[in-house]
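Me: I am new to this structure and would like a close look at a single part of it. Please take one sheet and describe carefully how its strands, loops and side chains fit together.

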Amino acid sequence: MKISTVGLAVVAGLTLGSVQELGGFSAISLPGIGSMVTAKAATATDAVVDESPVDVDSSDNLLQGCSWKMTADGVLHLKSGTLPIAYTNDQNNTYPPFFNLMNIEANKGYVVTTISFDGSVNAPVNAAFLFGNFLTKAPKIENLNRLDTSQSTDFAYMFYKDQSQNLDVSSLNTSKATDLHGMFMAAKGISGYEHFDTGNVKDVGDLFNSYEAGNGSATVDLSQWDLSKVVPGDGPTLNDRPMAGGFQNMFASSEIKRVDLGNAESFSPTSALEGIFADSTVSEITLNPKDNMNGSGLKGPDETQTGYTGKWENIKDQYIKGEKPTYDTEGLVAMYSPDSSTTPTDNETYIWEPVTTPGNPVTVHYVDQNGKTIQADKQVPGDYGATYNIAPDKIAGYDYVGFKDGSLTGTYDSDAKEVTLTYKKATPTTGGTATEPATDSTSEATSETPEADQPQTNPTNPVAKKNRAITAVKKLGLYRTPNFSKRTRIAYYPKQSRTKRPQFVILGVAQSKNGVKRYLVRDVNHGTKRDGKAGYITAKQAFSNHTYYQSNPKTVKVLARVNGYRNKALKHQVKTYQPGKILHVKKLVHYRLTTRLVLRDGTFVTGNKVKLIMQ
């Protein structure tokens, strides 16, 4: 059931006229509420707002039984006593007990932005709508832990439509609560309800109906709740209007995606979870063997949720390759019914089966050299089995130093991965022509360090692009940071013959503290102990070449055996070319990070210059 169809006098009949009325006030008595205040019609003379409001104390018998003070900064201070129950007007509309006070004070020049509990205040036994259904933006609630709800039994719609904050309700005492119906309906970002005492609760219908996650979590953990007294039924009435009770519409039209009902020791309802998932798009559920899903209203993904197969799978099976157990919604519900012989004996979590299985994302941390966080963590997602490459972010006021506690490259799999990037405060530029000192005294004249540590002034020196493969043609080092030294060096690669030269893929381009360009690369020398390692190498043109031809070489000589294929994906082998063979090239085509050479007869061969040499 959507919020627009809820059978309540919550929304119907609300008018802005009552909010905007100005003028004098008279007290009237409402049954069960005590002396309340209603506005009388305003005259032209009455409609004057006090432009210089001053602090005022309890007056006009508002919030009878509770001491309060209103200050010019928009804070309603509640000092002591017991709050009255919600106010219901002649049109059967229900509002929080603060509603009339806020209306009157607004006419005096106040805008109530905050309700602060400055002392110990008692909630009424009937705490329904206590903070729910403010017509204007709900005020912020401060010091909620000073509100005593230990005697309250009715919490229905207590925070209905509260979207002003991410409110922590962990301090509420719900030990005598029998009704939580719609408590967080249409609210936003509520937290702290996970350990509510719910042993006496009979109705949780509409509890999270139309709930918005906001900056909070889209996960609801009810595994510690005791809902053994909840039974299906029409539930209680409010303002003589019946409402769905039991578990009905608990998550209807909400942003809740993950629900945990998985602790058989505590979450053990004695009746079916009838209607609990009606009109919801919950895509991950944790169930215990005692959960009875008959009539739960559970749904799988429909045509509007792309990227899913329409089935459910156990989260423990998501990384199984090949055939694995999956369930349609009807089958999953049947497995958790009293007459099922296949109900699991432990808690199990089920998710919508994706068409492409995601790997666990890589979490990137950004810290200074003292380990202090300087930028919020970032998660980098990817498909299971795909390669990830982490390029350091540019952070204003900081220079990137290097990485630790992880790898800048790797493969997404079932394990969560983390990498920490370290930065230091940027050094102000003062001009001049000072060069970066050569700190690696063991470097040879043929290595990259002395030459590459000079500022690059030759604008014609090209820099290879990201995701291109390159091959080292001279001895060079791999470093943890763009600033080369013994301390930051990971490994040296000696100069090799053409067919044995080390190869890398460029992940990005960086620069040293003196502006010298570096390549951030991943080692792709398969079968070696450095395969997959990431780090920095010199970007000087003399030290590396493109691994693959970037323009048509016309003719090439085979240096190591090369196979010919029918297509550029190098599938369906048709020929083999031995070393020394001269090949005539018709054109060059790109394929992912590489190039292919198309021979005159239409055969495709690799464009790898390690295996082929231009004639």
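Reply: What follows is a description of one open sheet and the residues around it, with a short look at other parts of the chain for context.

This is a predicted model, in which local features need pLDDT of at least 70, side-chain atom pairs count only at pLDDT 80 or more, and totals for chains, interfaces and linings use all residues. Residues are numbered from 1 along each chain as its sequence is written, and side-chain values use heavy atoms, with hydrogens and water left out.

The part in question is an open sheet of five strands, in the order β12-β15-β16-β18-β17, and its pairing is mixed. Its edge strands, each of which pairs on one side only, are β12 (219-221) and β17 (308-314). From one strand to the next the twist averages 15°, where axes are lines fitted to C-alpha atoms, for helices over the stretch in contact, and angles run from 0 to 180 degrees between N-to-C directions. The strand and helix names refer to DSSP runs numbered from the N terminus, with helices being H or I of at least four residues and strands being E of at least two, and two strands are said to pair if DSSP finds at least two bridges between them.

At one edge of this sheet, β17 and strand β18 (residues 348-354) run antiparallel and are joined by four bridges. One residue of that pairing can be named on each side, since the bridge partner of Tyr-308 in β18 is Pro-354.

The loops of the sheet hold two residues that deserve attention. Val-282 lies in the loop between β15 (258-261) and β16 (284-287), and it counts as buried because its relative accessibility is 1%, buried meaning under 20% relative accessible area, exposed over 50% and partly exposed in between, with a 1.4 Å probe and protein chains only. Leaving aside neighbours within four places in sequence, the residues in contact with Val-282 are Phe-251, Ile-256, Lys-257, Val-259, Phe-277, Lys-299, Trp-312 and Trp-352, where contact means heavy atoms within 4.5 Å. Thr-219 is 63 residues from Val-282 in sequence, while their C-alpha atoms are 9.5 Å apart in space.

Asn-288, in turn, lies in the loop between β16 and β17 and is buried, with a relative accessible area of 0%. Its side chain takes part in two polar contacts, a term for a pair of N or O atoms within 3.5 Å in which, within protein, one must be able to donate a hydrogen and the other to accept it, and in which residues adjacent in sequence count only if both atoms are side-chain atoms. The side chain of Asn-288 reaches the backbone oxygen of Phe-267 at 3.0 Å, and a polar atom of that side chain lies 2.7 Å from the backbone nitrogen of Lys-290. Beyond the neighbours within four places in sequence, Asn-288 is in contact with several residues, among them Leu-261, Gly-262, Tyr-336 and Asn-347.

Charged side chains complete the picture. A salt bridge is a side-chain nitrogen of Lys or Arg within 4 Å of a carboxyl oxygen of Asp or Glu, and by this rule the count comes to six. In one of them, the side chains of Lys-324 and Glu-313 meet at 2.9 Å, N to O. Lys-324 lies in the loop between β17 and α3 (329-335) and Glu-313 in strand β17, so this pair ties together parts that are 11 residues apart in sequence. Lys-324 counts as buried at 17% relative accessibility, and Glu-313 is buried too, with a relative accessible area of 0%.

In another salt bridge, the side chains of Glu-348 and Lys-316 meet at 3.2 Å, N to O. This pair links distant parts of the chain, with Glu-348 in strand β18 and Lys-316 in the loop between β17 and α3, 32 residues apart. Here Glu-348 is buried, with a relative accessible area of 11%, whereas Lys-316 is exposed, with a relative accessible area of 59%.

For context elsewhere in the chain, strand β8 (residues 114-117) is covered on both faces, with Thr-114 and Ser-116 buried on one side and Ile-115 and Phe-117 buried on the other. In a regular strand the side chains alternate between the two faces of the sheet. Strand β5 (residues 75-82) pairs with β8 in the parallel sense over four bridges, and the partner of His-77 in β8 is Ser-116.
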